[in-house]
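Visitor: I have a model open and would like to learn how to read it. Where should I begin?

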Amino acid sequence: MLNKLTIVNGIIQDKFIDGITVKLAIIEPVGKHNVRTLELMKEIIGLTYHNTANTSATAGDEAHARYFDSVEKADTSYVGAHLFVDCDSITQVLPINEVAFHAGDGKGSGNRKTVAIEICENKDVAKAEENAKKLGAAFLLTYPKLGIFKHQDWSGKYCPRVILKRNGWTMFVTDIVNLKSTASQTPIMKKTAVSVAQAKEWVRSKGASQEFIDLAPLFWKIANEVGVNAAGAYAQSAKETGYGNFGGVLDASYHNPCGMKTTKGGGNYDRNAHQRFDEWEDGIAAQIDHLALYAGALGYPKTRTMDPRHFPRIKGKAPNWEDLGGNWAGSSSYGTSIVSMMKQIEATENPAATYTLDEILALEMQSAEMTARALNSEDKLRRIKEIILE
Ligand SMILES: [Zn+2]
């Protein structure tokens, strides 16, 4: 899966990007610095794609890294690029925040403000391009404002020549943007992979109220019935209620886990604009139904629901948690902040020797089945005896 990159002092720390091996071969600065400029970029505005224009079978990312190293040592000509990508790996040769001469625009923005990605042409160029797109998408996930450029944009040079030759640049950029947007989505309708115990452990570490900690199994039960990711619903509730400590306009007596308004609605700071539920089960059911409706779940809108704002017009407006920003709440980062809380729950260690509600139910079913079977065989035995006695 594509994730954000971890970059420290311009060096990519990730060993893999969506399964592609990332190698480090940072050129050591020597002599006149024909590769290493040792000049930090003042800002990074984007990525610049190139083709290596070397079709020799051995001219992969590793070979180019060795070549750069020899150029640095030889003090002859200037070359620059930050990353080489071929069909099976990516090699970083310069810190991504160091100025490199690759764009042919002298002191222009290409050289001074963009990260150069060289696509190797040695073997499977199509695969190398796919890898280069994933690398670009990983950069966009990390720095969403980066632009995507081609060498040609800076100096007119016919580069990246393989892509330009087939008139494929627009599609190349579209693919990167699509890779990025599909990677960063977290569906609301998805069975959670984390346990109640993990969730409890997480909220406990955040100073949650005991009442809120104890509600975790109920969230899991109701969310799992509907198919909503329980960890997401619980995280949302933690966000809305301050981990059950409230302190805002509502208190626990509202049994309102998500700041749900009444049908009529009203201001965020108007207590009367918020729905009061008889018990937590109702409030959580309302939240889950509201989420499922936003996600466009099958069978929604429902005819019978605790959700006071079950408006058909919101159906399918937010299939992913990220989409809740600007929908459920005005803030555009509302959904992404829930997603980062979900990641914290995932990262919480699963405490041993506890049972999830599902596990308890499964065990109960098992023992009920065993009892039924035992009764059944007892019954058979009795009938056999009866037959014999007859
Ligand atoms: Zn180029």
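Guide: We will go from the whole chain to one helix and then to one residue. Keep in mind that this is a predicted model.

Visitor: How many helices and strands does the protein chain have?

Guide: There are 12 helices and nine strands in the protein chain. For overall shape, set the radius of gyration against the globule rule. Here the radius is 29 Å, well over the 21 Å that the rule gives for 390 residues, so the chain is more spread out than a compact globule. Along the principal axes, the C-alpha atoms fill a box of roughly 105 × 70 × 40 Å.

Visitor: Into which domains is the protein chain divided?

Guide: Domain 1 covers 7-183 and domain 2 covers 196-354. Their C-alpha centres lie 43 Å apart.

Visitor: How should I read a nonpolar core?

Guide: In soluble globular proteins, nonpolar side chains tend to be buried together. In this model the largest nonpolar core has 46 residues, and Ala-199, Phe-219, Tyr-234 and Ile-288 have the most contacts inside it. Helices H7 (196-205), H8 (210-226), H9 (230-241), H10 and H11 (334-347) each give two or more residues to this core. H10 gives the most, with nine residues. Apart from this core lies another, of 39 residues, including Ala-100 and Phe-172.

Visitor: Which residues does Ile-288 touch, leaving out those up to four places away in sequence?

Guide: Ile-288 touches Ile-222, Ala-223, Val-226, Val-228 and Ala-233.

Visitor: Is H10 largely enclosed or not, and why?

Guide: Count its buried residues. In H10, 13 of the 16 residues are buried, so the helix is largely enclosed by the rest of the structure. Its length can be checked too: at 1.5 Å a residue, the 16 residues should span 22 Å, and the end C-alpha atoms are 22 Å apart, which agrees. Just after H10, Gly-296 takes a positive phi of about 75 degrees.

Visitor: Is Tyr-294 buried or exposed, and why?

Guide: Tyr-294 is found in H10, which runs over residues 280-295. The cut-off for buried is 20 or more other C-beta atoms within 10 Å. Tyr-294 has 24 such neighbours, so it counts as buried.

Visitor: What does Tyr-294 touch beyond four places away in sequence?

Guide: Its contacts are Ile-188, Ile-314, Lys-317, Ala-318, Leu-324, Asn-327 and Trp-328.

Visitor: And across the protein chain, what share of contacts between residues at least 6 apart join residues at least 24 apart in sequence?

Guide: The share is 67%. As for burial, 38% of the 390 residues are buried.

Notes. Residues numbered from 1 in each chain as written. Predicted model: local features only at pLDDT ≥ 70, side-chain atom pairs only at ≥ 80, totals over all residues. Helix = DSSP H or I, 4+ residues; strand = E, 2+ residues; numbered from the N terminus. Buried ≥ 20, exposed ≤ 12 C-beta atoms within 10 Å, placed from the backbone. Contact = placed C-beta atoms within 7 Å. Domains from an automatic or database assignment. Core = buried A, V, L, I, M, F, W, Y, C linked by C-beta atoms within 7 Å. Expected span 1.5 Å × (residues − 1). Rg over C-alpha atoms; globule rule 2.2 N^0.38 Å.
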